[in-house]
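Reader: I have a sequence and its model open on the bench computer, and I would like to go through the packing with you step by step. Could you take my questions in turn and show the reasoning behind each answer?

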Amino acid sequence: MKKRSLVLPLITQLLKIYVSDLSNKEQQYKKTIFYQLKEMGGIYIKFLQVLCVSGNFTEGWGGPKEFEIFNQVSSESLNISEYVNKEFFSYIEETPFACGSFAQLYKGKLQTGEIVAVKILRPSITIHLKKDLKKLKRIVKLVGHFLPKTFIDYKAAFEEFSNSCLLETDYEREVSNMEYFIQLYQNHPYVIIPKVYHELCNKEVIVQEFIEGPTLADLISKMSSYDSLESLAYQYTGSDVWSQIIIAGGEALRTAITADYVFGDPHPGNIILLPQNKIALIDFGIVSSKPTSQEAFYEWVKSYYNILMGDLNYGQLLQTTCMCFCPDLVNALRNCQTDGDFFDAIAEAINKKVKVVSNNNEVAKGIAADGHLFTAFIQFIDSRNALNIKIDTYNFQLLKSMQTFLSSVTAIDKRYGNHRFSEVMIGAMRYALDYCETHGVRHDTVNNTKYSVNESYELLLETLSSLANDEFLFQTISERVF
């Protein structure tokens with residue numbers, strides 16, 4: 001069926017759900033969107049991957065089977081000889097061993113004896129990418145009418161997705177990214193990056209070392225009432241899967257604090273599980289730059305870790321989050337001449353409210369105990385829009401990378417039903433913090449702002465206006481600042 005002919009059925013099915021008497025309409029909307037986009041293939045599946053690690057898209061209707069979209073997509077016919085010079089190969093298998101939404105991978109052997117994976121950009125992506133992105137933009141706008149805005153910002157998700165699509169089709173850039181991480185992880189005890197063969201790569205082909213092993217997505221899709229994630233991982237690799245997940249998360253945090261670039265797409269299909277608790281990271285089409293301030297990122301991780309360990313200082317978490325991801329805004333507000341530090345006042349007010357609310361909010365306490373701190377924060381404070389804070393563009397991709405990992409762990413935890421999220425987060429953070437305490441942290445805190453004095457005061461008034469929605473916070477902060 002042509003992609004064009006699938007748009008109308010999607011609209012029709014969503015409208016049928018809309019006028020129905022179903023009590024679970026939101027879940028049915030998501031299920032319909034999922035399977036219609038999956039059938040359309042290509043970039044539509046790639047967009048599904050974004051949705052499935054954002055906002056718990058499959059919650060309430062999906063299961064392990066839906067995680068197959070992270071690994072296996074239907075293959076596309078192509079002539080390998082048009083892409084690679086077979087003189088360098090003893091053989092290349094004609095059938096791909098893995099198919100992604102953008103590329104197909106073929107196993108081969110070089111004349112020099114090395115077993116390799118040949119990654120070839122799908123011809124349909126090269127031909128139809130821009131046209132498909134325009135079509136997807138219209139679909140995204142349509143879908144936005146059927147799901148609550150609090151669920152996911154579809155417009156923002158699409159803009160980020162569109163930008164990443166263009167990056168992921170630039171194979172020369174991806175090869176350069178791989179070389180950086182190969183050097184970064186040279187002789188690492190647990191993380192492996194496949195070797196890349198530069199002389200055999202071009203704008204449509206990457207030839208890299210073949211890594212034998214299941215991806216995390218493979219095992220999630222095989223989970224059942226008889227086979228747990230732990231037992232499957234041990235069966236295939238002899239490793240402890242939770243230790244491997246902690247290593248993946250710990251490395252994401254460690255590199256954000258100590259390296260120039262961070263692995264940008266740590267979803268389950270890009271993490272290969274290996275023996276001896278080792279992992280291999282694949283697909284470097286997307287990488288993110290280090291944060292504006294690595295010292296601020298370190299403080300953010302530490303404040304998150306402290307809460308998980310029982311020090312419920314949500315005010316400190318807010319301060320370190322803002323200083324890490326939007327320092328320009330924080331410094332602008334701190335430049336305003338008030339009787340007290342504005343962010344210190346917010347922190348104090350939040351901690352006071354947490355103490356008041358948490359005593360009567362068992363749901364929030366349970367969420368916090370599971371490690372989902374920002375969800376708990378919303379439950380505690382009940383003021384989703386009270387703090388008008390925007391992440392700056394420089395730090396957005398890094399935050400997106402972290403969110404991809406966090407959402408993946410959340411999804412795994414819910415599929416597995418063992419409430420291991422906080423355990424994974426504590427382990428990953430301890431992994432990164434131990435490294436930093438041994439090797440030190442760069443002192444690069446940002447102390448300036450692009451905002452003028454007048455603009456800073458305007459920001460202060462806008463934030464106070466937003467805070468007025470929460471009488472407790474507004475009153476407490478006003479008493480401290482003015």
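Reader: What percentage of the residues in the protein are buried?

Author: The model is a predicted one, and this should be kept in mind for every value that follows. A residue is taken as buried when its relative accessible area is under 20%. Over the 482 residues of the protein, the buried share comes to 55%.

Reader: How many helices and how many strands are there in the protein, and what share of its contacts with a separation of 6 or more joins residues 24 or more positions apart?

Author: The secondary structure consists of 19 helices and 10 strands. Among contacts with a separation of 6 or more, the share made by residues 24 or more positions apart is 70%.

Reader: Which kind of aromatic pair do tryptophan 300 and tyrosine 304 form?

Author: The whole structure holds 12 aromatic pairs. In the pair of tryptophan 300 and tyrosine 304, the centres lie 6.3 Å apart and the planes stand at 90°. Since planes over 60 degrees apart count as edge-to-face, the pair is edge-to-face.

Reader: Why are tryptophan 300 and tyrosine 304 separated by about one helical turn, and are these two residues buried or exposed?

Author: Tryptophan 300 and tyrosine 304 are four residues apart in helix α10, which spans residues 294-308, and they are therefore separated by about one helical turn. Tryptophan 300 has a relative accessibility of 6%, while tyrosine 304 has 4%. Because the cut-off for a buried residue is under 20%, tryptophan 300 counts as buried, and tyrosine 304 likewise counts as buried.

Reader: Which residue forms an aromatic pair with tryptophan 300 from helix α11?

Author: The pair is edge-to-face, with 5.1 Å from centre to centre and 85° between the planes. It links distant parts of the chain, since tryptophan 300 belongs to helix α10 and its partner to helix α11 (residues 314-325), 25 residues apart. Both rings belong to buried residues, and the partner of tryptophan 300 is phenylalanine 325.

Reader: Which residues does serine 303 touch, not counting residues up to four places away in sequence?

Author: Serine 303 is another residue of helix α10, and at 5% relative accessibility it counts as buried. Once residues up to four places away are set aside, serine 303 touches Gln316, Leu317 and Thr320.

Reader: Is serine 289 buried, partly exposed or exposed, and which residues is it in contact with beyond its neighbours within four places in sequence?

Author: Serine 289 lies in strand β10, which covers residues 287-289. With a relative accessibility of 30%, serine 289 counts as partly exposed. Its C-alpha atom is 7.9 Å from that of asparagine 395, although the two residues are 106 apart along the chain. Leaving aside the neighbours within four places, the contacts of serine 289 are Asp260, Tyr261, Tyr394 and Leu398.

Reader: Over which rings do arginine 254 and the charged end of lysine 450 lie?

Author: Arginine 254 is placed over the face of a tyrosine, 4.8 Å from the ring centre, and the charged end of lysine 450 is 5.8 Å from the centre of its ring. The ring under arginine 254 is that of tyrosine 435, and the ring under lysine 450 is that of tyrosine 451.

Reader: Within what arc do the buried residues of α18 fall?

Author: Helix α18 (residues 453-467) has 15 residues and reaches 21 Å from its first C-alpha to its last. Its buried residues are Ser456, Leu459, Leu460, Thr463, Leu464, Ser466 and Leu467, whereas Asn454, Leu461 and Ser465 are exposed on the other side. Seen down the axis of α18, the buried residues line one face of the helix, because they fall within an arc of 160°.

Methods: Residues numbered from 1 in each chain as written. Predicted model: local features only at pLDDT ≥ 70, side-chain atom pairs only at ≥ 80, totals over all residues. Heavy atoms only, no water. Helix = DSSP H or I, 4+ residues; strand = E, 2+ residues; numbered from the N terminus. Buried < 20%, exposed > 50% of the residue type's maximum accessible area, 1.4 Å probe, protein only. Contact = heavy atoms within 4.5 Å. Phe/Tyr/Trp six-rings, centres within 6.5 Å; stacked < 30°, edge-to-face > 60°. Lys NZ or Arg CZ within 6 Å of the ring centre and 35° of its normal. Expected span 1.5 Å × (residues − 1). Arc of directions from axis to C-beta.
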